[in-house]
Amino acid sequence: MTVTDVRCQKGDAAFLIDTGSASILFDTGFGFTGYAIADNIARVLGSRKLDYIFLTHSHYDHALATPYIKRRFPEATVVAGRYAGEIFQRPGAKRVMKELDGKFAATCGITDYECLVDELAADVLVDDSDVITAGELKFQVLHLPGHTKCSCGFYCPELKLFLSTESLGVYDGNKSIMPSWLVSYQQCMESIEKVRQLDIEQLIAPHLGLLNTEQTAFFLKEMKSANQQAFTWMKYLITAGKTDDEIIGLYKERYWYGEIQQMYPIDAMTLNTGIQISLIRKMLDTPSA
C-alpha cells in the first residue's frame, strides 16, 4: 500500500491510497483546488482509474472538491455517511460551503473559478458497521460524531489501518492535538472510546496524512486526555468570567501555530472556537459575555 499526498493547498484534505488492486481518495479538499487535485491524482494513477472516494464528513474543506474529481474520474464511487449525504442536498448547506470556499480562495489569490457545489453528492450512503470492499481489502465504517453529526472513519483490519476523522482531534504531527468537537463534547468522547477498541498500527489523519509509528502511537494514546484537558481549560475560562473574544484569543495562542495554523484558515478557526465556547456555555447555562 502507498499513500500519496495529492493536496495542492495548505488546508486541503486529500490523500490517495493505492493498494495495487484498488485506489481510494481519502477526502477531496476545497472546491477551488478540485481540478488541481484531480491532476495530481492522474499523475499518480496514470491510465488507471480512481475506484473510490471516502468522505469523512460534509465540511467544504473535506468534500467540496468531490464533483471536480468526479468530472475527471466519473467511475469513482463516492462513499459518505448517510447524514452527510442528506446535508449535500440542502440548499442552505451548499450556500455556506460555496461562501466559505470562495472566501478562502480569495485569500489565496483566486477570485474566479467554477463552483460545482450543486453537483456534490454521494453514490453510496453508509451507516455504522457497514463494510466497503475495495479490491482485496475491506473497510469497516465507523460513525464517529462530535466534530459534526455526520463524521465517520474507515477501518481496515487486514492492514490495521484507520482513516481518521476530526472528531478525535486535529493533530499537528508533533505534540499538539487541538479539540474539534463542534456538535457535542460527549459524543466526541464516545467516538474516542470507540476508536480505542480498534487494533491500529497505521493511521491517516485528515489534513496531515499517513502518520509514522511514533506519531500514531502518540495520537492514539493522547487523544482522550487532550480533549479532556481542553474542555476543562475552556470551562475554567468561562466560569472565570472571560469573554468569548478573550477565550478565542487564548485558544489561538494555545493551538493555532505551526502545522495547525497552516491547516486552518483564521476565519474557520475563529468560527469553530466560538462554536465550542457556545457548547460549553450551554452546558453550564452561562450566557455569552
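This briefing walks through the fold of one protein chain, from its overall build down to a few single residues. The model is predicted. The chain holds 10 helices and 14 strands, and its radius of gyration of 18 Å is close to the 19 Å that the globule rule gives for 289 residues, so the chain is as compact as a globular protein of that length. Two open sheets, each with six strands, are good places to start looking.

**The chain as a whole**

- If you drew a box around the C-alpha atoms along the principal axes, its sides would be roughly 60 × 45 × 35 Å.
- Of the 289 residues in the chain, 54% are buried.
- The accessible surface comes to about 12100 Å², and carbon and sulfur atoms account for 50% of that surface.
- Take the contacts between residues at least 6 apart in sequence: 67% of them join residues at least 24 apart.

**The sheet from β1 to β6**

- This open sheet has six strands in the order β1-β2-β3-β4-β5-β6, and its pairing is mixed.
- At the edges sit β1 (2–5) and β6 (124–126), each of which pairs on one side only.
- On average, neighbouring strands of this sheet are turned by 25° against each other, with direction ignored.
- Inside the sheet, β4 (residues 52–54) and β5 (residues 77–81) are parallel partners, joined over three bridges.
- To find this pairing in the structure, look for F54, which stands opposite V79 in β5.
- Helix α1 (residues 34–45) packs on the sheet and touches β1, β2 (15–18) and β3 (23–26); the direction of α1 makes about 20° with that of β2.

**The sheet from β7 to β14**

- Here, too, the sheet is open and has six strands with mixed pairing, but the order is β7-β8-β9-β10-β13-β14.
- Its edge strands are β7 (131–134) and β14 (209–210), and each pairs on one side only.
- Strand β7 shows alternating side chains: I132 and A134 point to one face and are buried, while V131 and T133 point to the other face and are not buried.
- Next to β7 comes β8 (residues 137–143), paired with β7 in the antiparallel sense over four bridges.
- In that pairing, A134 stands opposite L137 in β8.
- The hairpin of β7 and β8 has two residues between its strands, and G135 in this hairpin takes a positive phi near 65°.
- At the other edge, β13 and β14 run antiparallel and are joined by two bridges; I204 has L210 in β14 as its bridge partner.

**The nonpolar cores**

- The largest nonpolar core has 43 residues. Those with the most contacts inside it are F162, M178, V195, L203, F219 and Y264.
- Several elements give two or more residues to this core, including β13 (202–205), α6 (185–196), α8 (244–255) and α10 (266–284).
- Which helix gives the most to this core? That is α7, with 11 residues.
- M178 is a good residue to explore: leaving aside neighbours within four places in sequence, M178 is in contact with G169, V170, Y251, Y255, I260, Y264 and M269.
- A second, separate core has 32 residues, and A63, A65, F88 and A105 are among them.

**Single residues worth a look**

- D27 lies in the loop between β3 and α1. Although D27 is not a glycine, its phi is positive, at about 65°.
- Is D27 buried or exposed? The relative accessibility of D27 is 1%, so D27 counts as buried, given that the cut-off for buried is under 20%.
- H207 sits in the loop between β13 and β14, and this residue, which is not a glycine, has a positive phi near 75°.
- H207 has a relative accessible area of 0%, so H207 is buried.
- M283 belongs to helix α10. With 54% relative accessibility, M283 counts as exposed, because the cut-off for exposed is over 50%.
- Between the C-alpha atoms of M283 and L159 there is a separation of 40 Å; along the chain these two residues are 124 residues apart.

Methods:
Residues numbered from 1 in each chain as written. Predicted model: local features only at pLDDT ≥ 70, side-chain atom pairs only at ≥ 80, totals over all residues. Heavy atoms only, no water. Pairing = 2+ DSSP bridges. Axes fitted to C-alpha atoms, helices over the stretch in contact; angles between N-to-C directions. Contact = heavy atoms within 4.5 Å. Rg over C-alpha atoms; globule rule 2.2 N^0.38 Å. Buried < 20%, exposed > 50% of the residue type's maximum accessible area, 1.4 Å probe, protein only. Areas by Shrake-Rupley, 256 points an atom, 1.4 Å probe, with all protein chains shown as cover. Core = buried A, V, L, I, M, F, W, Y, C linked by side-chain atoms within 4.5 Å.
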